[in-house]
Amino acid sequence: MTRSFFGTDGIRGRVGEYPMTAETVLKLGWAAGKVLAGKGSRDVLIGKDTRVSGYLFESALEAGLASAGIDSRMLGPMPTPAVAYLTRTFRSAAGIVISASHNPFYDNGLKFFSADGTKLPDEVELEIEAMMNEQMTTVDSSELGRAQRVDDAGGRYIEFCKSTFPHGLLLGGMKIVVDAANGAAYDIARRVFEELGAEVISIAAKPNGLNINKECGATVPAHVRSHVLLERADLGIALDGDADRLIMVDHRGEIVDGDEILYVLARARHAAGRLHGGVAGTLMSNLALEHALDGLGVPFKRARVGDRYVLETLRAEGWELGGENSGHIICLDQVTTGDAIVAALAVLAVMKDTGESLSRLRSEMELYPQVLLNVPVRDKRVLDGNADIDAAVKLAEQRLGSDGRILLRPSGTEPLVRVMVEGKVANDVQRICEQVAEVVKAAAA
């Protein structure tokens, strides 16, 4: 069945344009409610980030669910991983997050979690999509859903995050800059690290509905970097708008991305005999991560881009640690989705346990230079069996050898082909990427 709504990370779009309109979200709430009611479910959790449009979609979603006979528990501004966690602890049928993650304020979206705190199974998403084609109806007035506010949701999640930090360890003596991206964790993140003993400099923590992710957060690490250097802090932690993505900065101002965070955690767990298998990355994970893990004797598998596919790989392999270079880190022994605060605490635990700085820990692996070029195309099928492109890729692979990698993939949302090349020599990588991109451009003309 062709999907009309759900992508790899729920539903997302510009506010006021299909599918992110009040009418569509109302109908979607009803459709989801009908599917869940058909499975015997009666309640759903709803959280959101700090976008001004969250008020609009929160009301529409609650009304749609109520018309299908489903109760709503309203969490207010809440990180995406918090909604996943609370869905499990409240024994709710599902959790819904109103967020467009790292996008600007004028976008918004919906993410759905199942009762076990993972992304909805494909078959349930397809059932909801099929229900969208039906005429919207309303249950009898005596069966309408109700809405109630959950006042202690933030406190519950804070205590959970703290429980993932090793008992007996404290963050006393550490100065940490936390960039909350003016998003859902604007208060929660600071409180977690402070309650564990750290001195916290909180920045980008004054949301106004319009400034989420604006020149701050995980997608603009230069913001937290400047404050780390100014404050002479031990490290910086940058979240995105819904706090499922983490980028860090060491005391020298060097940016530490998701691949490096994964290596720090994997190496520490492996040394302690707690890794329990291998590590899952994605097609975009830096080749240096694969080589470094191989040097430790740790298996590594690549999933499709998207944290739901990383999770699928972890479950299929029976592993616990995976993530993306963009900063989605999944510690499956603790959480069911990418959780920036929990991942940051895991890194801090390694620092405290070893007495090493983040700069020292990340120095064990040096990322290979990576170049990514976007080539506009009319038809993304240009990659299918094109002899010129195939020949260019084969030549590039020969030139890169075992110390490099090339990846061509169509964008999932735009008329683009992404050409990515990485290897040990920056100038070679740049040149090869440009040459392959030119071949793709010519083939698409």
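In the predicted model, strands β7 (175–179) and β9 (235–239) run parallel and are joined by four bridges. Within this pairing, Val178 lies opposite Ile237 of β9. On the β10 side, β9 is joined to β10 by five bridges, and here the two strands run antiparallel, with Gly236 placed opposite Val249 in β10. The connection between β9 and β10 is a hairpin that leaves six residues between the strands, and in its turn Ala243 adopts a positive phi of about 60°.

These pairings belong to an open sheet of five strands, ordered β8-β7-β9-β10-β11, in which the pairing is mixed. The edges are formed by β8 (199–203) and β11 (255–256), each of which pairs on one side only. Strand β10, spanning residues 246–250, is connected to β11 by two bridges in an antiparallel arrangement, and Met248 stands opposite Val256 of β11. Helix α6 (residues 188–195) packs on this sheet, where it touches β7, β8 and β9, and its direction makes about 170° with that of β8. Helix α11, comprising residues 340–354, lies across β7, β9 and β10 and runs at about 165° to β9.

The burial of β9 accords with this setting: five of its five residues are buried. Side chains in a regular strand alternate between the two faces of the sheet. In β9 both faces are covered, with Leu235, Ile237 and Leu239 buried on one side and Gly236 and Ala238 buried on the other.

Helix α3, which spans residues 80–89, is likewise mostly covered, eight of its 10 residues being buried. The buried set consists of Thr80, Pro81, Ala82, Val83, Ala84, Tyr85, Leu86 and Thr87. The elements that cover these residues include the strands β2 (43–48), β3 (71–77), β4 (94–98) and β5 (107–114), together with helix α5 (153–163). After α3 comes Arg91, which has a positive phi near 55°.

The loop between β4 and β5 contains Ser99. Ser99 is buried, its relative accessible area of 1% falling under the 20% limit. Apart from neighbours within four places in sequence, Ser99 is in contact with Asp49, Arg51, Asn108, Gly109, Leu110 and Asp242.

In helix α4 (residues 122–131), the buried residues are Val124, Glu125, Ile128 and Glu129. These four residues lie on the same side of α4, because they cover an arc of only 140° around the axis. An α-helix has 3.6 residues a turn, so residues three or four places apart point the same way. The cover over the buried residues of α4 includes helices α1 (22–38) and α10.

Salt bridges number 30 in the structure. One of them joins Arg149 to Glu58, with the closest N and O atoms 3.6 Å apart. This pair links distant parts of the chain, since Arg149 belongs to strand β6 (residues 147–149) and Glu58 to helix α2 (residues 53–67), 91 residues apart. The partners are unlike in accessibility: Arg149 is partly exposed, with a relative accessible area of 45%, whereas Glu58 is buried, with a value of 8%.

A further salt bridge is formed between Lys301 and Glu317, for which the closest N and O atoms are 2.9 Å apart. Here too the pair links distant parts of the chain, with Lys301 in strand β13 (residues 300–303) and Glu317 in helix α10 (residues 307–317), 16 residues apart. Lys301 counts as partly exposed at 37% relative accessibility, and Glu317 is also partly exposed, with a relative accessible area of 32%.

The side chains of Glu364 and Arg360 also meet in a salt bridge, at 2.5 Å from N to O. Glu364 is partly exposed, with a relative accessible area of 33%, and Arg360, at 39% relative accessibility, is partly exposed as well. Elsewhere, salt bridges with shared partners join Glu159, Lys162, Asp187, Arg190, Arg191, Glu194 and Glu195 into one network.

Technical notes. Residues are numbered from 1 along each chain as its sequence is written. This is a predicted model: local features need pLDDT of at least 70, side-chain atom pairs count only at pLDDT 80 or more; totals for chains, interfaces and linings use all residues. Side-chain values use heavy atoms; hydrogens and water are left out. Buried means under 20% relative accessible area, exposed over 50%, partly exposed in between (1.4 Å probe, protein chains only). Contact means heavy atoms within 4.5 Å. A salt bridge is a side-chain nitrogen of Lys or Arg within 4 Å of a carboxyl oxygen of Asp or Glu. The arc is that of the directions from the helix axis to the C-beta atoms. Two strands pair if DSSP finds at least two bridges between them. Axes are lines fitted to C-alpha atoms, for helices over the stretch in contact, and angles run from 0 to 180 degrees between N-to-C directions.
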